[in-house]
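The following account explains how the parts of one molecular structure are arranged. It begins with the contact between the chains and then turns to the ligand.

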Amino acid sequence: MMAKSLFDKLWERHVVVPETGDSPAVLYIDLHLIHEVTSPQAFSVLEERGLAVRRPDRTKATLDHSTPTLKAGADGRLPYATAQAEKQVERLIANTKAHGIELFGIGDPRRGIVHVIGPELGLTQPGKTIVCGDSHTSTHGAFGALAFGIGTTEVGHVLATQCLLQRKPRSMRVTVEGELPPGSGAKDMALAIIAEIGADGGQGYALEFAGSAVRALSMEGRMTLCNMAIEAGARVGMVAPDETTFDWLKGRDRVPADWDAAVSDWRTLPSDEGARFDKEVVLNGSAVAPMITYGVSPDAAAPVTGNAPRAETAEARHAADYMKFAEGRPFTEQAVDRVFIGSCTNSRLSDLREAAAVMRGRTVASGVTALVVPGSEAVRRDAEAEGLHIIFLNAGAEWREPGCSMCIGMNGDIGQPGELVVSTSNRNFIGRQGKGVRTVLAGPATAAASAIAGHIADPRDYLDAAREPEHV
Amino acid sequence: MFEPMRTLTSGTIVLARANIDTDQIIPARYLTTTSREGLGKHAFHDWRYDEAGAPAEDSPLDGPEHKGHAILVAGPNFGCGSSREHAPWALVDFGFRAVVSSDIADIFKSNALKNGLLPVEIDAETHARLLECPGREVTIDLEAGVLTSGNDIEAHFTVEPFAKKCLLEGNDPLGFLTDRMDAITAYEKDHAKEIGA
Ligand code: SF4
């Protein structure tokens, strides 16, 4: 028998009609997640053609992108950024109702960012195919699922047929060996990988992350890593399921009733010894420092302790002009206006703990606005139960309601032109966080340290060990 | 559905920058629409309008010399970023029928093909030459997979065969899928255990 990769196995399991020279494979989709922004036009197509939703039971909806992160006012109304945003939300409510789709809507204790709640509810499972009209659907690959983002036309295809037309992409294994040094986390690993292979290095590939440094990551860390696969151009990022995966999922709401049978099936998923990949990349995990980005593409990433590099290309000069990072100057000299801790990349409980560990007993620098936005209602409850919100509030940060918030700025949470924002989200594209805003991507500890310092800061200077020697 | 396409001859508009992401093509604040129509006015909005919303003087897309140009020649890794289909909707509504680059992002490419916007990936050398001469008349022959311009430029490109057929004949991928409902039902029956109820 030919040795197969995790990706090969997931693919084969879901082929309804095999791919030929003339036509792509018909691939079955186990779970379809939808949200307000990329679904309304798909429902319109269904209506135009008189088609029904084939599997409403395999379709789950949430509200996250356009939803306010501020509480309802005295009149009970949520402060939507625009009437259109509110209309979009109402449309999803109406569409899910009309088609019998479960919606985790406003006020639902299970609501949150689509890529945070799928795993939380146990909907995301090893072996599944999962799609969503959102490119960061790769996040769910952390569980050994085949998960990728699709466009709205394809959302319509899945609604109508529970299938997609897909050509099998090539495969790439990214192996990170060694132990991450203290102060470095999954986000730093992700940025180091993207800096290594480039923003289009994963184009046309499904990535599998492997190696001891990846195995050692928590599920939250693996989600952060797979989330960022698309920033390397890869639609798919995966980690093979293992005990960490099963322990994390066990007991969650929507996991299979016959848990033992499911786990024994999932144990067959990891890549076989000798499985072939079209491309292999190897990185040294022990060399991954806390990272930041200094440009307008996620591959412009470097250790926070570095200096702004010389801009060699027209692209780099344009980015340097926009970011106002002077060549040769230390990154840590850059003054910060705003800090955003949130998004489907880094808004889970462990991320908030990391940020809180830095902010505890400290104060956000004057002139800096810091926004902490939990990824879901569940994260918010857990964080509040631990008192993390008190740490943030005491430090002078804002503690908001769950949603995408400043990751995409659709709900009105944006920066002002020219501001420098250190953000735990995934994209430093021009204008992503508001027109003229300069975005620096970083992990939660680096973002929190930068909020305290008032400039880009090395989180290692703020780790507890540095201020409170342990009592032995 | 869009018009079938065989050949396209038009002047080009050049946006040479690499990694032009979907937030540039259409900023997120215009995604609250629930329709596919009328997004052309927001295409490259922040490149075409200043802070006050007035047309930018140096817009590479709006001068009279670009009028009617339906071919966009863009830097490598065009369309990276989000999966928003609003990006090709906006480009098509703006008047583009093809995007030429050395390298076009996967999800954008897939979305473009479904909306009658032809993604043309050509070799880096020819691409570099096209980037240098905005406005140049270019002919794209989809059936033959050849892009030509004047006597001196010829490049070959491939389009996924199924998508190509859809573009050439105006076929409909959703129809292809709905024609296979029996196979889908059989798959669901066979895999009921694996994939859950
Ligand atoms: S947090 Fe950002 S990247 Fe994640 S789903 Fe929301 S908008 Fe997309």
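**The interface and the ligand site**

Between chain B and chain A there are eight salt bridges. This count, like every value below, comes from a predicted model. One salt bridge joins the side chains of A:Arg55 and B:Glu188, with a distance of 3.0 Å from N to O. Polar contacts also link the two chains: 32 residue pairs between chain B and chain A are in polar contact, both residues being at pLDDT 80 or more.

The extent of the interface can be described by residues and by area. In terms of residues, 59 of chain B are in contact with 66 of chain A. In terms of area, about 5100 Å² is buried between chain B and chain A, and carbon and sulfur atoms give 55% of it. On the chain B side, the residues that lose the most area to chain A are B:Thr32, B:Thr34 and B:Leu174, which together account for 14% of what that side buries.

The ligand is the next subject. Where does the ligand sit? The ligand occupies the largest cavity. Chain A residues surround the ligand, among them the histidines A:His65, A:His115 and A:His136 and the cysteines A:Cys344, A:Cys404 and A:Cys407. The surrounding residues also include A:Ile113, A:Ile408, A:Asp134, A:Ser343, A:Asn426 and A:Arg432. Sorted by class, this shell has five nonpolar, five polar and two charged residues.

Methods
Residues are numbered from 1 along each chain as its sequence is written. Chains are lettered from A and ligands numbered from 1 in the order in which they are written. This is a predicted model: local features need pLDDT of at least 70, side-chain atom pairs count only at pLDDT 80 or more; totals for chains, interfaces and linings use all residues. Side-chain values use heavy atoms; hydrogens and water are left out. A residue is near a molecule or strand if one of its heavy atoms lies within 4 Å of it. On a 1 Å grid over the protein atoms alone, a cavity is a set of points where a 1.4 Å probe fits but cannot get out, and a pocket is an open set with protein on both sides within 12 Å along at least five of seven lines; lining residues have an atom within 4 Å of a point. A molecule sits in a cavity or pocket if more than half of its atoms lie within 2 Å of its grid points. Ala, Val, Leu, Ile, Met, Phe, Trp, Tyr, Cys and Pro count as nonpolar, Asp, Glu, Lys and Arg as charged, and the others, Gly among them, as polar. Contact means heavy atoms within 4.5 Å. Buried area is the accessible area (1.4 Å probe) that two parts lose on being put together, summed over both. A salt bridge is a side-chain nitrogen of Lys or Arg within 4 Å of a carboxyl oxygen of Asp or Glu. A polar contact is a pair of N or O atoms within 3.5 Å; within protein, one must be able to donate a hydrogen and the other to accept it, and residues adjacent in sequence count only if both atoms are side-chain atoms.
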